[in-house]
Amino acid sequence: MVTILVAMVTNYVTANPPKWAENNLVVWSVIGALAVVSIGLLFWERRLGGEPEGAGRPLAPLGRIAAAASNSTNPPAVSAPVRGRDAELEQIGWLVRGRAGGMVVVCGAGGLGKTTVAAEAASQARTDGRVVVWIRWRDDPAQLAQDMTHAAHILGMPEARLEEARTGRASLVDAVWEHLASVAGWLIVIDNVDAPARIGPGTESIAAYRGWLRPDGAGILLVTSRDTSVQTWGSGPVLIPLDPLADEAGAKVLLDAAPHAGPEPEAEALSVRLGGLPLALDAAGTYLAIPTSRHRTFTTYRQALDAEFGDLLGAEHPAAAANPETARQLVRHTSDLSLDQLEEDGYTLARPILQLLSLFALAPLPRALITPDLVAESTRRPATAAAVDAALAGLHQYGLLNAPQSTDASSAEFTVGQLHLHPLVREVTAHTVPRPQPTEAWLTALDQHLAQAVATTINIPGRGGWPTARLLAPLLPSYLGRATPDNFAAARETVNNLARVLRVAGAGSEYLLLRRSDLEAAILHLGPEHPDTLMGRNHLASALGGLGEHQQAVDLHRQVLADRERILGSDHPDTLTSRNNLADALSALGEYQEALDLHRQTLADHERILGSDHPDTLTSRNNLANALGNLGEYQQALDLHRQVLADRERILGPHHPATLTSRNNLADTLSDLGERRQALDLHRQVLADRERILGSDHPDTLTSRNNLAAAEAAALTSTFPAAWRRWVPWQR
């Protein structure tokens, strides 16, 4: 406008004026009016584009208002059904339809479909007759000021109020929000606010609610962001964190995109492989829908991921580094955007720590394992406890890492911090660590610290180390698999030490996992008939029996017994152990007579070779008593159980788990003989001891609770069906 005014004056002075311009009064009146308008527009420009007084930021040009007005305020079209987000959309819809207004933050890691959820919510709101304004955050506070002003203008903000802001009599941001608080029936979406601290105006925290993001409107302000921290957003907004899609919903996403790529079960298997990440599901579905793609079915694509992951999902893109919008469409780069932001914010260890975590097996990690020493030795970067804490907090804030608190099932007093990586975040990140170095050096440091963590855990007295032992177990198969001939014996000892703790803890699944890994490694390094390999096969059979796979356990125990008799001899202690364990497995299958015969032979051999007070001999005597009870020889069983209990109390102590087992079995046999009051008292004592020593959810404690309930029922009804009775063998 000022340029036009100058041009008019110049033309008036230097050119031949038109006829009307010969009237000086008219000409100078027009020029004066234009000057006033120009000055007014100058103030208008500064007020709309600038920050509050004292903010010290440059003012935005007035032309941006026109730019904002020309940008589309329509939400992006949702081209396919939105799967697996019904609960989140219903929550947003309920808030939009309500009268209270407020602010909603749809948050989570990159690739979870935050924009899609927001776009679908916006579409539904528009269908319901709401006024919808879509704003894309472009890392430009001045542009956001124009966009929000334009939104208020759409919602009927009076010119008079804008004039007050224009002339400095009111703050623009306050004027806009005062209007938004007075008008209902709207939904404003601000998409991709991944760096909320930059929103402005000024540098005040978002949670102060004096900037452009406020929960104060009569409509709903919906923000999408990777930042999941309550500390960032404060208590005002409703936070709706997104999780990966459930398997069935992920399969539907794939079938929507590529309906001819295979049946639903195959789509669901691919969804599981992709961890339910919507971005990865979209990428896979789009790829499979292209007729010229090399892989045309869900199954072949899933199988190809192992060898071609980098090409199929972690691919580079020439424009990704310079264009965040392109990067958002690539599985690898969507996490890189968050890591870049964390590094810019000063979390310099975030990326190397995430890379380090990606080298562990896909399982929850104990937080205590990620020490400054591990980080420093692995990454060769200085690492303090505070810096590691800050990096992990930043990764959690941006959804790259989950950190739920785990409570040991056996007691609420034992809690273990956990770190969870999404499977694709782990896999994509692992591809960013160059091979062979520094990956091999990092793995060497990682294995050393794993071994130390196991040594520390198994030496924690009582039940204190059990929760950590459960978390460490899934990390050890790959640790054992990396062992060399030089360190295999030490690595196997580490695994076996943890397995023994897991067995006492009643962690059957984790125990089975380690026993399978131990046997595979022993066959590889020692051969199939080495005594240590036979020991590994025996342990695996017992682990299978503990999880109810009794037929597999019997078959494997028979094989081990035959091999031990052939290689070690019939009187070797390991052979006696196999005979005892086979008998127990047969009892679990209901083969009571064969089990009884084996237990008689084993007890005689133990007494002859080890002596009558050896713990293995006591175990044989206990198991023979159980076998007699199974065949209805209750009085003989009772006499043997009394003897075993007395011996175990004398030799092992009254609170040893084996002693508690004897007390439980004695109580069962008393019930079989009709001595229900004595049985009830013993079961109460055993349950109290097991709850105190083993924890409330240990398998043996659950057995005691079941047996006490059965004993109480029998005492009331004067009947005690044998089917209610459960005994617990003590295998080795």
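Q: What makes both faces of β4 count as covered in this predicted model?
A: A residue is called buried when its relative accessible area is under 20%. On one side of β4, Ile-220, Leu-222 and Thr-224 are all buried, and on the other side Leu-221, Val-223 and Ser-225 are buried as well. Both faces of β4 are therefore covered.

Q: Why do the residues of a strand divide between two sides?
A: They do so because side chains in a regular strand alternate between the two faces of the sheet.

Q: Why is strand β4 described as largely enclosed by the rest of the structure?
A: Strand β4 spans residues 220-225, and 6 of its 6 residues are buried, so the strand is largely enclosed by the rest of the structure.

Q: How do you know that β1 and β4 pair, and in which sense?
A: Two strands pair if at least two bridges are found between them. Strand β1 (residues 102-107) and β4 share 6 bridges, so the requirement is met. Their pairing is parallel. One of the bridges can be located by its residues: Val-106 has Thr-224 in β4 as its partner.

Q: What makes β3 a partner of β4?
A: The minimum is again at least two bridges. Strand β3 (residues 186-191) is joined to β4 by 4 bridges, so these strands are paired. They run parallel, and Leu-187 stands opposite Ile-220 in β4.

Q: How do you know that β1 also pairs with β5?
A: There are 4 bridges between β1 and β5, which satisfies the minimum of two, so they count as paired. The sense is parallel, and Cys-107 has Pro-241 in β5 as its bridge partner.

Q: What is the order of the strands in the open sheet?
A: The sheet has 5 strands in the order β2-β3-β4-β1-β5, with parallel pairing.

Q: Why are β2 and β5 called edge strands?
A: Strands β2 (131-136) and β5 (238-241) each pair on one side only, and they are the edge strands of the sheet. From one strand to the next, the twist averages 15°.

Q: Which strands does helix α5 touch as it packs on the sheet?
A: Helix α5 (residues 114-127) touches β1, β2, β3 and β4. The direction of α5 makes about 160° with that of β2.

Q: How many helices and strands does the chain have, and what share of its residues is buried?
A: The chain has 33 helices and 8 strands. Of its 732 residues, 50% are buried, that is, under 20% relative accessible area.

Terms used: Residues numbered from 1 in each chain as written. Predicted model: local features only at pLDDT ≥ 70, side-chain atom pairs only at ≥ 80, totals over all residues. Heavy atoms only, no water. Buried < 20%, exposed > 50% of the residue type's maximum accessible area, 1.4 Å probe, protein only. Axes fitted to C-alpha atoms, helices over the stretch in contact; angles between N-to-C directions. Contact = heavy atoms within 4.5 Å.
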